[in-house]
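Dear colleague,

I am passing on the structure below, and after it I set out what I found, going from one region to the next. Please keep the view open while you read, so that you can follow each place by eye.

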Amino acid sequence: MAEDSMLPVDQPAATTLTITSTPPLQKAEFSNRTLIKTILSRPDGGAALAGQKVTIGGWVKTGREQGKGSFAFLEVNDGSCPANLQVIVDSSVYQLSQLVATGTCVWLEGELKSPPEGTKQKIEFRVQKVLDVGPVDPAKYPLPKTRLTLEFLRDVVHLRPRTNTISAVARIRNALAYATHTFFQQHGFLYIHTPIITTSDCEGAGEMFQVTTLISEAEKSEKELIKNPPPSEADIEAAKKVVEEKGKAVADLKAAKASKEEISASVAELTKAKENLSKLEERSKLKPGIPKKDGKIDYSQDFFARQAFLTVSGQLQVESFACCLSSVYTFGPTFRAEHSHTSRHLAEFWMVEPEIAFADLQDDMNCSEKYVQFLCKWLLDNCLDDLQFMAKTFDKGCIDRLTMVSSTPFERVSYTEAVEILENVKDKKFENKVEWGIDLASEHERYLTEVVFQKPVIVYNYPKGIKAFYMRLNDDTKTVAAMDVLVPKVGELIGGSQREERLEVIQQRILDMGLPLEPYEWYLDLRRYGTVKHSGFGLGFERMILFATGIDNIRDVIPFPRYPGRADL
Ligand code: 4AD
Ligand code: MG
């Protein structure tokens, strides 16, 4: 219907059908150009567009002068798709040496033309006018033309989106975010923005980054004191003496019935002396360093008048919305100060956290399975060109893996069963010993999903000792209603649980874990008033991208990675 509405009213129906298969070329709405994707991603590769005049903008991937410098070929990419548009520019139109360097920005007017027989591309672009150029000095450009490793690119995070890999990751990441909102919106979930600064430790693991202005304030007062040393006691005594003298002068003038003018001039001097004294007294109180009380840091003087942190998870806060709005989710950055130097951990990562009221662990597992399958299918439907690039460059199995996961029911095994399976493994020696009660290591998780089941596995009912306080205690009193979704290539993709809705039980769990009750009192209110059976989970967004792309290191699938020792830009 959308195509029809763009046609002139007198178009006969037969023409409508033909045009629907190659829709009219659309200009970008907020910038003066046509997106290269709209040219190249047509069923005919753009062939039918020959003869159309367009404006394009982009960056030169490769350029070379030809025909003894009479013309140049440029491969131009504008980020709208992985493919480049082949551009031909004559030396009569522009100085070619200014255009051919990799990284050069070009904004061009010209005509789409059919390429000569036998060439790979279906359409090319002949430049008629160069609207603008952002030049590059190839001798100085930090991205050499040779194939660059992802490690090398981590040292130039601001330029790495110009590479084919990082731009494909950006498009896939964007598609997964869009798919996430689409999935939850379609299922009636409300998107809740949970705070980034929090005073509650959701996981109770003490891995939080602290948010404080005490340090910068202390530095400021130290600098101030160096520039302007505090007054000595003698300075203050002297200032007090001046106040005394000025006071006496006023009294004397009043007693002598001096003129109004004389008295008020003297009062003004007294006021000035008093102000000077109070300033000195105030400055004498300035102490360098962090404020302390009873030998401990005095957080009552901190910005929030208490200790505050960056959130490790929006779960606790989103629960307060689930316990009245029913189905909700949060999707935002989370922060963990764990010193994990692995290819699966970041200090700042994004998490998608749905929370569902009137839902038990089965419902939770069902939701996680449907959501992951939806994401896989979405990528296959919307990002196939980028996935093909990933398959060619990093992981030839990535498309098959997405296809398999999108259509195969996930295996479900209890933790106890999983441990039994792992204990009986004969063909592999694990670095970490397996026994009931251990936290499964990445090698165990990957063995279960990659070797034993060869598909995603949901492990549920973990020992209570290794899981967070908020997970619901099972009737056996040894395990909790937790579940982890394990996928090939990554291991743990999702962690979730049914929440403990019983007030006394959760209070006891908090205490048993050695945590204080006070910071969780607000959370306990959700159990005190109108408590409800509810469940939720968290999907590590970057882990989902690792799974989809087959890229090995999580530092390469977030635009600006933060990990121990590094926070560039
Ligand atoms: O298993 P986690 O710690 O669960 C929670 O945070 C719960 N509060 C979620 C909830 O129930 N609402 O973390 C969830 C997921 C993990 O399965 C993993 O995929 C990812 O977050 N994750 C990390 N990703 C990157 N770097 C890290 N340091 C991560 N830690 C966890
Ligand atoms: Mg976990």
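**What I found**

The side chain of K489 comes to 3.5 Å from the backbone oxygen of G550. Please bear in mind, here and below, that this is a predicted model. K489 sits in the loop that runs between strand 16 (479-487) and strand 17, and with a relative accessible area of 18% it is buried, because buried means under 20%.

Strand 17 brings us to the ligand. Which element gives the largest share of the shell around ligand 1? It is strand 17, which contributes five residues. The whole shell consists of 25 residues, and the closest of them are E203, Q315, E338, E353 and E492. Sorted by class, the shell holds nine nonpolar, eight polar and eight charged residues.

Some individual approaches to ligand 1 can be followed atom by atom. An N or O atom in the side chain of E203 is 2.7 Å from a nitrogen atom of the ligand, and a polar side-chain atom of S313 lies 3.0 Å from a nitrogen atom of ligand 1. With F537 the partner is a polar backbone atom, which is 3.4 Å from a nitrogen atom of ligand 1. Taken on its own, ligand 1 has 630 Å² of accessible area, and the protein covers 93% of it. The elements that supply two or more residues to this shell are strand 13 (348-357), strand 17 (491-498) and strand 18 (534-540).

A second place to look at is A347, in the loop between strand 12 (327-335) and strand 13. Is A347 buried or exposed? Its relative accessibility is 10%, so A347 counts as buried. Along the chain A347 and G314 are 33 residues apart, and their C-alpha atoms are separated by 16 Å.

The third place is D556, which belongs to the loop between helix 17 (541-549) and strand 19 (562-563). D556 is buried, with a relative accessible area of 2%, and its side chain has two arginine partners to inspect: a polar contact of 2.9 Å joins it to the side chain of R154, and a polar contact of 3.5 Å links it to the side chain of R160.

**Domains and annotated regions**

Stepping back to the whole chain, the domain assignment gives domain 1 (3-145), domain 2 (167-211 + 307-556) and domain 3 (214-301). How many Å separate the centres of domain 2 and domain 3, taken over C-alpha atoms? The separation of these two centres is 58 Å.

Two annotations from the UniProt record, which is an unreviewed entry, can be set beside this division. For residues 328-559 the record lists "domain: Aminoacyl-transfer RNA synthetases class-II family profile"; in the model this span is 38% helix and 23% strand, and its end C-alpha atoms lie 27 Å apart. The record also places a "coiled-coil region" at residues 253-283. In the model, the span 253-283 is 87% helix and 0% strand, with 32 Å between its end C-alpha atoms.

If you would like a route through the model, you could begin with the shell around ligand 1, to which strand 17 gives five residues, then go to the loop that holds K489, and finish at D556 with its contacts to R154 and R160.

With best wishes

Note on methods
Residues numbered from 1 in each chain as written. Chains lettered and ligands numbered in written order. Predicted model: local features only at pLDDT ≥ 70, side-chain atom pairs only at ≥ 80, totals over all residues. Heavy atoms only, no water. UniProt positions renumbered as here; feature names shortened; annotations may be inferred. Helix = DSSP H or I, 4+ residues; strand = E, 2+ residues; numbered from the N terminus. Domains from an automatic or database assignment. Near = heavy atom within 4 Å. Polar contact = N/O pair within 3.5 Å; in protein donor to acceptor, adjacent residues only side chain to side chain. Areas by Shrake-Rupley, 256 points an atom, 1.4 Å probe, with all protein chains shown as cover. Nonpolar A, V, L, I, M, F, W, Y, C, P; charged D, E, K, R; others polar. Buried < 20%, exposed > 50% of the residue type's maximum accessible area, 1.4 Å probe, protein only.
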